[in-house]
Each structure stands twice: as structure tokens, then as C-alpha cells.
Amino acid sequence: MAPPVDDAQNKPQPRVLLDTSDVGRTVARMAHQIIEKTTLDEPSARRVLLIGIPTRGTSLARRLAEKIAEFTDVRLPTGYLDITLYRDDLRDKPHRPLERTLVPEGGVDGALVILVDDVLFSGRTVRAALDALRDLGRPAAVQLAVLVDRGHRELPLRADYVGKNIPTARDEDVQVHLLEHDGVDEVVLR
Ligand SMILES: O=P(O)(O)OC[C@H]1O[C@H](OP(=O)(O)OP(=O)(O)O)[C@H](O)[C@@H]1O
Ligand SMILES: O=c1cc[nH]c(=O)[nH]1
């Protein structure tokens with residue numbers, strides 16, 4: 001179906017793929033999936049860390065931790081990981097502002113690290129995150145949770161937890177908007 005057109009501007013308007021309640025339900029479902037696949041509350045359980053990839057992965061990691069705490073009473077530590085210096089496109093666009101990295105107390109050594117991002121597309125951001133993580137230590141295992149997988153991978157990567165698979169054309173733009181950054185929770189296609 002053709003996207004709605006704003007007559008005044010004659011420009012296609014963004015199409016809402018997930019609205020606020022869809023985003024809430026999707027994050028809750030991902031939290032349940034993590035709980036099902038992960039040993040959280042036994043004394044022998046290994047540490048589980050939720051590490052967000054800026055920008056919006058950071059907020060999603062916090063939201064997943066909140067939901068998991070709501071469903072299990074286990075509060076997983078969260079952090080965030082700047083990937084800027086590990087990008088493979090710095091030669092094309094070298095001047096990128098650095099973000100910050102926050103590693104939960106105890107570090108990543110021996111932990112199950114769940115990387116969290118809003119969109120999985122080419123996979124290059126996650127590749128950069130894996131390199132950034134390697135410089136911080138040696139996790140026991142690394143998993144990936146994304147709100148949206150829009151396809152078009154350029155590297156052999158897949159996510160362990162996917163909120164929503166959204167098939168897209170390569171030249172389309174999927175934008176995740178979150179309350180903390182954009183004043184609204186939604187996923188739009190431009
Ligand atoms: O799989 P990829 O092709 O790497 O694309 C996915 C990444 O692209 C977007 O980030 P962006 O670089 O736009 O930065 P932002 O999160 O700060 O908006 C998105 O938030 C993912 O991190
Ligand atoms: O390293 C990276 C990360 C995101 N996008 C790229 O093209 N390269």
C-alpha cells in the first residue's frame with residue numbers, strides 16, 4: 001500500500017509500524033524470552049549484564065532490566081558501550097563525537113553479556129560492539145537483543161532476541177523513537 005501523502009508538502013509521511021503500546025508489549029515479550037533462556041536466580045548462576053549500544057540501545061537495556069526485575073525480582077546490572085572508535089567507516093567520516101562507556105561493577109570477565117540495540121541492519125554496529133567488548137575483558141558468552149531486525153545483513157551475525165522482524169527495502173529508513181530521547185515510543189518507516 002502506498003504511504004500516506006501530506007498534500008500540503010506532497011511528501012510521503014512516515015508510517016507507524018509499532019505504536020506506543022506495541023513497543024511496550026514488545027519489550028515485555030523480549031524480557032520474558034531472556035528470562036526463559038537464562039538462569040537468573042540460582043546461587044551458581046553466572047552474572048548476566050545488559051549492555052546497551054548508544055544511543056537508544058542504552059535506554060532499551062534499562063527498560064529490559066526493569067521488566068525482568070518486575071517479572072522475577074532479579075535486577076540485572078546495566079551498562080553501555082561506546083563503539084565509535086571501533087567503527088569500520090571512520091575513514092569515510094572520521095569526526096564522530098565519542099559516547100561514554102559504563103561497565104557494571106565486576107567487569108565483563110566471565111559474565112553473560114547481552115548486548116542490546118534498537119535496530120539490527122547491516123550488523124556492522126554489532127561487529128564494532130564485539131570488538132569494543134573484547135578490549136574490556138572476556139565474557140563467558142555474548143548474546144544480542146534487538147527491538148527491530150530489518151534484515152540486509154552484511155556480516156554473518158544474528159540476534160538471540162528479536163522484538164519484531166520488519167522486512168524492509170534497503171533504501172528505507174526504520175526509526176525507533178523512545179520516550180527518553182524522542183518524547184514518544186514508536187517505530188516508524190520513512
Ligand atoms: O546494523 P547496522 O547497519 O550497524 O545498523 C544498526 C545501527 O544503526 C543505528 O544506529 P546509528 O548509527 O544511526 O546511531 P544512533 O543509535 O545513535 O542513532 C541503530 O541504532 C543501530 O545501532
Ligand atoms: O562499524 C560500523 C558501524 C556501523 N556502520 C558501519 O558502516 N560501520
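**Exercise 1. Divide the residues of the shell around ligand 1 by class, and then say which of them are closest and which elements supply them.**

*Solution.* The shell around ligand 1 divides into five nonpolar, four polar and four charged residues. This shell belongs to a predicted model, and 13 residues surround the ligand, the closest being T55, F121, S122, R124 and T125. Turning to the elements, β6 and α3 each supply at least two residues of the shell, and β6 gives the most to it, with four residues. One of the closest residues, T55, lies in the loop between β4 and α2, where a cis peptide bond with omega of about 10° joins P54 and T55.

**Exercise 2. Name the residues that surround ligand 2 and sort them by class.**

*Solution.* The surrounding residues are R87, D88, D89, R124, T125 and A128. Sorted by class, they give one nonpolar, one polar and four charged residues. R124 and T125, which are named here, are also among the closest residues to ligand 1.

**Exercise 3. Describe the largest nonpolar core, beginning with its number of residues and ending with the contacts of L64.**

*Solution.* The largest nonpolar core has 43 residues, and those with the most contacts inside it are L64, I114, V116 and A145. The elements that give two or more residues to this core are α1 (20-37), β4 (48-52), α2 (56-72), β6 (112-120), α3 (124-134) and β7 (141-149). The largest share, six residues, comes from β6. As for L64, when residues up to four places away in sequence are not counted, L64 touches V27, M30, A31, I34, L50, V116 and A145.

**Exercise 4. Locate P14, decide whether P14 is buried, partly exposed or exposed, and find what P14 touches.**

*Solution.* P14 sits in the loop between β2 (11-12) and β3 (15-18). Because P14 has 16 C-beta neighbours inside 10 Å, P14 counts as partly exposed; the cut-offs are 20 or more for buried and 12 or fewer for exposed. Leaving out residues up to four places away in sequence, P14 touches V188, L189 and R190. In sequence P14 and L189 are 175 residues apart, yet in space they are 5.5 Å apart, C-alpha to C-alpha.

**Exercise 5. Place D73 and H152, give the phi of each, and explain why D73 counts as exposed.**

*Solution.* D73 is found in the loop between α2 and β5 (78-80), and its phi is near 70°, a positive value in a residue other than glycine. D73 counts as exposed because it has 9 C-beta neighbours inside 10 Å. H152 lies in the loop between β7 and β8 (161-165), and phi of H152 is likewise near 70°, again positive in a residue other than glycine. Because 14 other C-beta atoms lie within 10 Å, H152 is partly exposed.

**Exercise 6. Set the UniProt annotations for residues 19-168 and residues 113-125 beside the predicted structure.**

*Solution.* An unreviewed UniProt entry carries the annotation "domain: Phosphoribosyltransferase" for residues 19-168. In the model that span is 31% helix and 21% strand, with end C-alpha atoms 18 Å apart. The unreviewed entry also lists "short sequence motif: PRPP-binding" for residues 113-125, a span that is 15% helix and 62% strand, with end C-alpha atoms 16 Å apart. As to confidence, the protein averages a pLDDT of 94, and 95% of the residues score at least 70, while the predictor gives the complex an ipTM of 0.97 and a pTM of 0.94.

Key. Residues numbered from 1 in each chain as written. Chains lettered and ligands numbered in written order. Predicted model: local features only at pLDDT ≥ 70, side-chain atom pairs only at ≥ 80, totals over all residues. Near = placed C-beta within 6 Å. Nonpolar A, V, L, I, M, F, W, Y, C, P; charged D, E, K, R; others polar. Core = buried A, V, L, I, M, F, W, Y, C linked by C-beta atoms within 7 Å. Contact = placed C-beta atoms within 7 Å. UniProt positions renumbered as here; feature names shortened; annotations may be inferred. pLDDT = per-residue confidence, 0-100.
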